[in-house]
Amino acid sequence: MESSALLLSRRPFKLTALCGLITALALLGGCAGSGTSPGRGQAPAQVAEQLANNGDYSGAAARYLQQAQGARGSEATDYLIQASHYYALAGQADQAKQTAARINPATLAPPHAIAWTILQAHLTLLRGDPQQAQQMLADIRSVPGSSATWIWLLRADAAAALGDPLRSLRARVELDRLL
């Protein structure tokens, strides 16, 4: 059984597009930066995005976590969810769980409640239970852009882990349409 991080490492170009899309849609804004090295003249979310695009998921997660510490309300929730997803992609299950534990799911509005369910499915897949992850994602139909991207990515990885290459391929086709 392969982890999400291992499966994702096989598609670097799609992952670059995925990371950029997720960050852009989740945060809905930020200032355009210049330069090519992370941190020089860029908004913190852009630095995190660039780190993720370069394969440094731990670094991206740490940046989002740092941003969450200075944010309040839904903005902090957005950053914590992104940080947890990137820790999961980095294969750091404990850190991903600790970050997710900072979110109170009882207080989440619908968009964040859906993002929370997707995050829980990601953590479930990471701990090696693709069947449960698939079940968690099965009832989610209409979602905002970045959440839809995560759903199709996780559906594809769960199907692959369950030995269902056709279902995984179908999910990857849907994911490709979003990117």
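A residue counts as buried when its relative accessible area is under 20%, as exposed when that area is over 50%, and as partly exposed in between. Keep those words in mind as you go through the views of this predicted model.

**Figure 1. The whole chain is built from helices.** Let's begin with the overall plan. The chain has 10 helices and zero strands. Followed along the sequence, its pattern reads α-α-α-α-α-α-α-α-α-α. Of its 179 residues, 45% count as buried.

**Figure 2. Helix H4 carries several buried residues.** How far apart are the end C-alpha atoms of H4? They are 18 Å apart, and this agrees with the 18 Å that its 13 residues should span at 1.5 Å a residue. The buried residues of H4 are Tyr57, Gly59, Ala60, Ala61, Tyr64, Leu65 and Ala68. Here is a handy idea for reading such a list: an α-helix has 3.6 residues a turn, so residues three or four places apart point the same way. Try this idea on the buried residues in the list, which include Tyr57, Ala61, Tyr64 and Ala68.

**Figure 3. Helix H5 is largely enclosed by the rest of the structure.** This helix has 17 residues, and from its first C-alpha to its last it reaches 25 Å, close to the 24 Å expected at 1.5 Å a residue. Why is H5 described as largely enclosed? The reason is that 14 of its 17 residues are buried. Ser74 also belongs to H5, and this residue is partly exposed because its relative accessible area is 46%. Look across from Ser74 to His112: the two are 38 residues apart in sequence, yet their C-alpha atoms are 7.9 Å apart in space. Just after H5 comes Gly91, which takes a positive phi of about 80 degrees.

**Figure 4. Aromatic rings meet between helices.** A pair of aromatic rings is described by the distance of the centres and the angle of the planes. The model has four aromatic pairs. In one of them, Tyr64 and Tyr86 are stacked, with 5.9 Å from centre to centre and 0 degrees between the planes. This pair links distant parts of the chain, since Tyr64 sits in helix H4 (residues 57–69) and Tyr86 in helix H5 (residues 73–89), 22 residues apart. Are these two tyrosines buried or exposed? Tyr64 is buried, with a relative accessible area of 0%, and Tyr86 is buried too, with a value of 0%.

**Figure 5. Tyr86 also pairs with Trp150.** Which kind of pair do the rings of Tyr86 and Trp150 make? Their centres are 6.4 Å apart and their planes lie at 70 degrees, so the pair is edge-to-face. The cut-off behind that step is an angle of over 60 degrees. Here again distant parts of the chain are linked: Tyr86 is in helix H5 and Trp150 in helix H9, 64 residues apart. Both residues are buried. Step back a little and you can pick out a cluster, in which ring pairs link Tyr57, Tyr64, Tyr79, Tyr86 and Trp150.

**Figure 6. Three helices help to line the second largest pocket.** About 170 Å³ of space lies in this pocket. Its lining is made up of Gln134, Ala138, Arg141, Trp152, Arg155, Arg167, Arg170 and Ala171. Helix H8 (130–138), helix H9 (145–161) and helix H10 (165–178) each supply at least two of the lining residues. Which helix gives the largest share? That is H10, with three residues. Sorted by type, the lining has three nonpolar residues, one polar and four charged. Two of the lining residues to find are Trp152 and Arg155: Arg155 lies over the face of Trp152, at 4.8 Å from the ring centre.

**Figure 7. Helices H8 and H9 hold residues to compare.** Pro130 has its place in helix H8. With a relative accessible area of 5%, Pro130 is buried. Its C-alpha is 8.0 Å from that of Asp157, although the two are 27 residues apart in sequence. Ala161 is found in helix H9. Is Ala161 buried or partly exposed? Ala161 is partly exposed, because its relative accessible area is 22%. Between Ala161 and Gln131 there are 8.8 Å in space, C-alpha to C-alpha, and the two are 30 residues apart in sequence.

How values were computed. Residues numbered from 1 in each chain as written. Predicted model: local features only at pLDDT ≥ 70, side-chain atom pairs only at ≥ 80, totals over all residues. Heavy atoms only, no water. 1 Å grid on protein atoms, 1.4 Å probe; cavity = no way out; pocket = protein on both sides within 12 Å on 5 of 7 lines; lining within 4 Å. Points joined across faces, edges and corners; volume = space filled by probe spheres on them. Helix = DSSP H or I, 4+ residues; strand = E, 2+ residues; numbered from the N terminus. Nonpolar A, V, L, I, M, F, W, Y, C, P; charged D, E, K, R; others polar. Phe/Tyr/Trp six-rings, centres within 6.5 Å; stacked < 30°, edge-to-face > 60°. Buried < 20%, exposed > 50% of the residue type's maximum accessible area, 1.4 Å probe, protein only. Lys NZ or Arg CZ within 6 Å of the ring centre and 35° of its normal. Expected span 1.5 Å × (residues − 1).
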